[in-house]
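Good morning. I will go through one protein, starting with the whole chain and then moving to single residues. Please have a look at it first.

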Amino acid sequence: SQLTVREPGVVGAALEDEESWCSIIVDGHHVDPVVLRLALRTKRKDRFILVTDAMPSVGTTDKEFTLLGRRITARDGVCIDEDGTLAGSDMDMATAVRNARRLLRIDLVDAVRMASLNPAQFLGLAGELGRIATGFRANLVLADDELNVAEAWIDGDRHPLNGSPRGNCST
């Protein structure tokens with residue numbers, strides 16, 4: 001249920017509760033950036049988690065697919081059905097981090113934490129994920145200044161995205 005002037009709904013209850021976690025889709029379509037910036041002012045940033053609501057079009061050149069019998073088209077980072085109804089996003093996590101910086105006006109450290117450490121804490125996995133540290137799983141990405149991902153490591157296994165040979169990193 002939505003936040004309204006007469007009833008807080010689930011959204012208002014989550015924002016009011018200091019210990020609750022809030023997942024946010026920062027694509028500029030699901031929730032207006034002004035509303036998200038207001039939400040960020042109501043509680044600690046370490047209680048927000050970036051999510052993508054990603055659909056099958058993410059990372060592919062095929063920007064049309066069928067979902068529950070409906071034709072979905074991905075355009076400008078958002079997925080819509082034939083009637084123009086929102087049906088998900090065409091956004092990867094690097095784009096979510098970029099959008100958080102730009103649309104929410106937060107620094108890179110906070111945006112990356114919302115994409116890594118905060119979800120790990122929410123899932124109870126903060127002792128093995130969400131940080132680059134000894135004893136933690138080597139899940140990380142190498143990105144340029146614009147946050148374009150060049151390589152990824154999943155459990156220490158290197159996944160180059162630039163066509164170079166796949167190999168292992170030492171952990």
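Before the surface figure, one term: accessible areas come from the Shrake-Rupley method with a 1.4 Å probe. For this protein, the accessible surface comes to about 10,600 Å². Carbon and sulfur atoms hold 53% of that surface. Keep in mind throughout that this is a predicted model.

Now the overall layout. The protein has 5 helices and 9 strands. Going along the sequence, the order is α-β-α-β-β-β-β-β-α-α-α-β-β-β. Along the principal axes, the C-alpha atoms fill a box of roughly 55 × 40 × 30 Å.

How much of the protein is buried? Of the 171 residues, 34% are buried. As for contacts with a separation of 6 or more, 44% of them are between residues 24 or more positions apart. On charges, the protein has 20 positive and 26 negative ones, and the mean positions of these two sets are 4 Å apart.

Let us turn to the aromatic rings. How many aromatic pairs does the structure hold? It holds 1. The partners are Trp21 and Phe122, with ring centres 5.8 Å apart and planes at 65 degrees. Planes over 60 degrees apart count as edge-to-face, so this pair is edge-to-face.

Where do the two partners sit in the chain? Trp21 is in the loop between helix H1 (9–16) and strand S1 (22–24), while Phe122 belongs to helix H5, residues 117–122. They are 101 residues apart, so the pair links distant parts of the chain. Are these two residues buried or exposed? Neither word fits: Trp21 has a relative accessible area of 23% and is partly exposed, and Phe122 is partly exposed as well, at 48%.

Trp21 has another partner. The charged end of Arg47 sits over the ring of Trp21, at 4.2 Å from the ring centre.

Next, helix H1 itself. Which residues of H1 are buried? They are Gly9, Gly12, Ala14 and Leu15. A general point helps in reading such a list: an α-helix has 3.6 residues a turn, so residues three or four places apart point the same way. What do the buried residues of H1 pack against? Their partners are S1, helix H2 (33–42) and strand S2 (48–50).

That brings us to H2, and to one residue in this helix, Leu40. Leu40 has a relative accessibility of 10%, and the limit for buried is under 20%, so Leu40 counts as buried. Leaving aside neighbours within four places in sequence, Leu40 is in contact with Lys45, Phe48, Leu104, Ile106 and Met114. For a sense of distance, take Ala138, which is 98 residues from Leu40 along the chain: the two C-alpha atoms are separated by 30 Å.

Now two residues with an unusual backbone angle. Most residues other than glycine have a negative phi. Asp76 is not a glycine, yet its phi is positive, about 55 degrees. Asp76 lies in the loop between strand S4 (70–75) and strand S5 (78–81), and it is exposed, with a relative accessible area of 70%. Arg105 is the other case, with a positive phi of about 60 degrees although it is not a glycine. Its place is the loop between helix H3 (93–104) and helix H4 (108–115). Is Arg105 buried or exposed? Arg105 is exposed, at 63% relative accessible area.

Last, two residues from strands. Leu86 is in strand S6, residues 86–89, and is partly exposed at 35% relative accessible area. Which residues does Leu86 touch, not counting those up to four places away in sequence? They are His30, Val78, Cys79 and Ile80. Ser20 is 66 residues from Leu86 along the chain, and their C-alpha atoms are separated by 26 Å.

Val149 lies in strand S8, which covers residues 149–154. With a relative accessible area of 29%, Val149 is partly exposed. Beyond residues up to four places away in sequence, Val149 touches Ala94, Val141, Leu142, Ala143 and Leu161. The C-alpha atoms of Val149 and Asp32 are separated by 26 Å, and the two residues are 117 residues apart along the chain.

That is the end of the tour. Thank you.

Terms used: Residues numbered from 1 in each chain as written. Predicted model: local features only at pLDDT ≥ 70, side-chain atom pairs only at ≥ 80, totals over all residues. Heavy atoms only, no water. Helix = DSSP H or I, 4+ residues; strand = E, 2+ residues; numbered from the N terminus. Buried < 20%, exposed > 50% of the residue type's maximum accessible area, 1.4 Å probe, protein only. Contact = heavy atoms within 4.5 Å. Lys, Arg positive; Asp, Glu negative; His and termini not counted. Charge placed at Lys NZ, Arg CZ, Asp CG, Glu CD. Phe/Tyr/Trp six-rings, centres within 6.5 Å; stacked < 30°, edge-to-face > 60°. Lys NZ or Arg CZ within 6 Å of the ring centre and 35° of its normal.
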